[in-house]
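Got your viewer open? Here is a short tour, one selection at a time.

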Amino acid sequence: MRNGFHSIHYRLFLLFLFCMSSILVSVSLLYYNRTTEQLHEKISDLSQKNVAQTAGLFTLLYKGYDALSKSLSNNFEMIRLLNETTDEPAVAYINEQTITNIIGSIFYSRDDLVGIHVITDKGKIYNYGNYMNVVDPDYKTTDWYKQLQASSGKMVWLGVYEHSLIDQVEDSPVFAFGRQIFDLNEHKPIGIVLYETNPEPVLDALDNLKLGEHSQVYLMSQDGRFVSSATDPTPEVENLPALPAYEDVMVKQETDRLIVASKLSFSGWWVMSITPDKDLNVELVEMKRYLLIVISILILVSTLIAFIVSRTISSPLKKVIREMRQVEVGNFRGMVNVSSYQEINILVASFNRMVRRIEELIERVKLSSVSEKNAELHAAVPGESAFSVQHARYDLLDAG
């Protein structure tokens with residue numbers, strides 16, 4: 001077995017197998033690395049397109065909600081009634097009923113509205129919603145109320161919440177936004193209006209950012225608060241990179257995740273997608289599995305080819321070696337008959353000619369030796385009969 005390791009068959013087999021396997025592995029690695037780069041570039045481009053499309057969807061939502069909020073804040077009749085003060089209970093009731101009807105007409109103009117709440121600076125509250133309204137008595141201490149009061153008349157997106165911000169009865173998820181109401185004559189704020197809508201349009205727009213099953217999508221407000229879903233309105237995001245101050249799009253490929261963000265044109269909010277590598281590399285995993293299968297098959301084929309090629313080269317040489325051993329013991333009758341590569345065929349032909357030449361030389365030596373013996377016999381016994389000489393010649397030939 002040890003000698004087999006040093007045989008030409010074994011050495012050629014290992015040489016061919018190593019060369020072919022090295023080429024296969026090298027080409028596969030180059031192909032895998034190049035495909036990985038192209039896939040990451042494609043994912044990056046797709047992410048930028050998705051985030052731009054999502055920003056466009058939010059722009060459309062913003063315009064719709066902005067127009068909805070202006071329908072009340074610019075309603076002169078409602079503003080007049082909110083400013084009007086009367087000591088007559090009947091007039092006050094009629095004014096309240098009129099304000100409620102105005103809010104109700106806006107409420108029924110859209111199917112996605114959950115509730116509309118008008119709160120004056122004097123503490124008067126007008127509600128219209130799907131259920132009976134039970135107002136949170138501590139609403140003045142909440143962040144959303146402070147944001148609306150500090151808005152200077154612009155619409156404020158508050159985000160997605162697990163339940164109504166002010167209605168204690170409404171426990172379904174809502175998307176909330178609102179703005180201040182101004183007295184157009186005196187140009188001073190007289191209250192705020194809070195809208196609560198079905199969050200599905202916002203969440204659907206966020207879902208457009210998802211690149212995989214485990215992708216996380218967020219709305220990030222100016223104060224750094226994240227909104228991802230109705231069940232997790234304030235998620236914790238670890239090691240979040242700083243958002244660019246002078247750019248509207250951010251694409252950052254980290255070792256374990258891809259972060260894509262876009263700033264909304266109408267506000268300081270950002271839409272952000274964080275996708276882990278296990279989602280980004282789904283195609284790479286499949287391709288890696290495919291390459292391993294292909295490489296394994298090709299290595300088996302290479303092993304078979306290496307065995308056949310090495311055997312094709314070593315088999316004629318082994319036949320020559322066997323015949324050489326026969327020549328060593330004095331058998332010159334054998335001939336090697338093989339059909340192989342040109343160089344091996346030339347070697348075998350040369351070996352056969354050499355053996356025939358040696359055999360011819362041996363025959364000549366034998367004949368020369370017999371002739372010398374005959375001459376010696378004739379010279380040593382001149383008087384013997386021809387029959388005796390001929391008999392001695394035959395003995396010499398038989399001895400030879």
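Start by selecting Tyr145, which is buried, with a relative accessible area of 5%. Keep in mind as you go that this is a predicted model.

Now add Tyr139 to the selection. Buried or exposed? Tyr139 counts as buried, because its relative accessibility is 6% and the cut-off for buried is under 20%.

**A second ring pair**

Leave those two for a moment and pick Tyr108 and Tyr128. How many aromatic pairs are there in the model? The count comes to 13. In the pair you just picked, the ring centres of Tyr108 and Tyr128 are 5.6 Å apart and the planes sit at 80°, so this one is edge-to-face. Colour by secondary structure and you'll find Tyr108 in the loop between helix H4 (89–107) and strand E1 (113–120), while Tyr128 belongs to strand E2 (residues 125–129), so the pair ties together parts that are 20 residues apart in sequence. Switch on a surface here: Tyr108 is exposed, at 58% relative accessible area, and Tyr128 is partly exposed, at 23%.

Now go back to Tyr139 and Tyr145. Their ring centres lie 5.3 Å apart with the planes at 80°, so this pair is edge-to-face too.

**An aromatic cluster**

Next, select Phe58, Tyr62, Tyr65, Trp157, Phe175, Phe177 and Tyr195 together. These residues make up one aromatic cluster.

**Inside strand E4**

Move on to Ile181, found in strand E4 (residues 174–183). With a relative accessibility of 0%, Ile181 counts as buried. What is Ile181 in contact with, leaving aside its neighbours within four places in sequence? Show the side chains around it and look for Met78, Ile79, Leu82 and Val118, then for the run Lys188, Pro189, Ile190, Gly191, Ile192 and Val193. Try a distance label from Ile181 to Gly191: they are 10 residues apart in sequence, and their C-alpha atoms are 5.2 Å apart in space.

**Out to the surface**

For the last stop, select Ile293, Ile297, Val301 and Ile305. On the surface, these four form a nonpolar patch, and together they have about 330 Å² of accessible area. Zoom in on Ile297, placed in helix H8 (residues 282–328). Ile297 counts as partly exposed, since its relative accessibility is 48% and exposed would take over 50%.

Conventions
Residues are numbered from 1 along each chain as its sequence is written. This is a predicted model: local features need pLDDT of at least 70, side-chain atom pairs count only at pLDDT 80 or more; totals for chains, interfaces and linings use all residues. Side-chain values use heavy atoms; hydrogens and water are left out. Patches are made of residues with over 30% relative accessible area and no salt bridge: like charges are joined within 9 Å, nonpolar side chains (Val, Leu, Ile, Met, Phe, Trp, Tyr) within 5 Å. Accessible areas come from the Shrake-Rupley method with a 1.4 Å probe; for residues, only the protein chains shown count as cover. A salt bridge is a side-chain nitrogen of Lys or Arg within 4 Å of a carboxyl oxygen of Asp or Glu. Helices (H or I, at least four residues) and strands (E, at least two) are DSSP runs, numbered from the N terminus. Buried means under 20% relative accessible area, exposed over 50%, partly exposed in between (1.4 Å probe, protein chains only). Contact means heavy atoms within 4.5 Å. Rings of Phe, Tyr and Trp (its six-membered ring) pair if their centres lie within 6.5 Å; planes under 30 degrees apart count as stacked, over 60 as edge-to-face and the rest as tilted.
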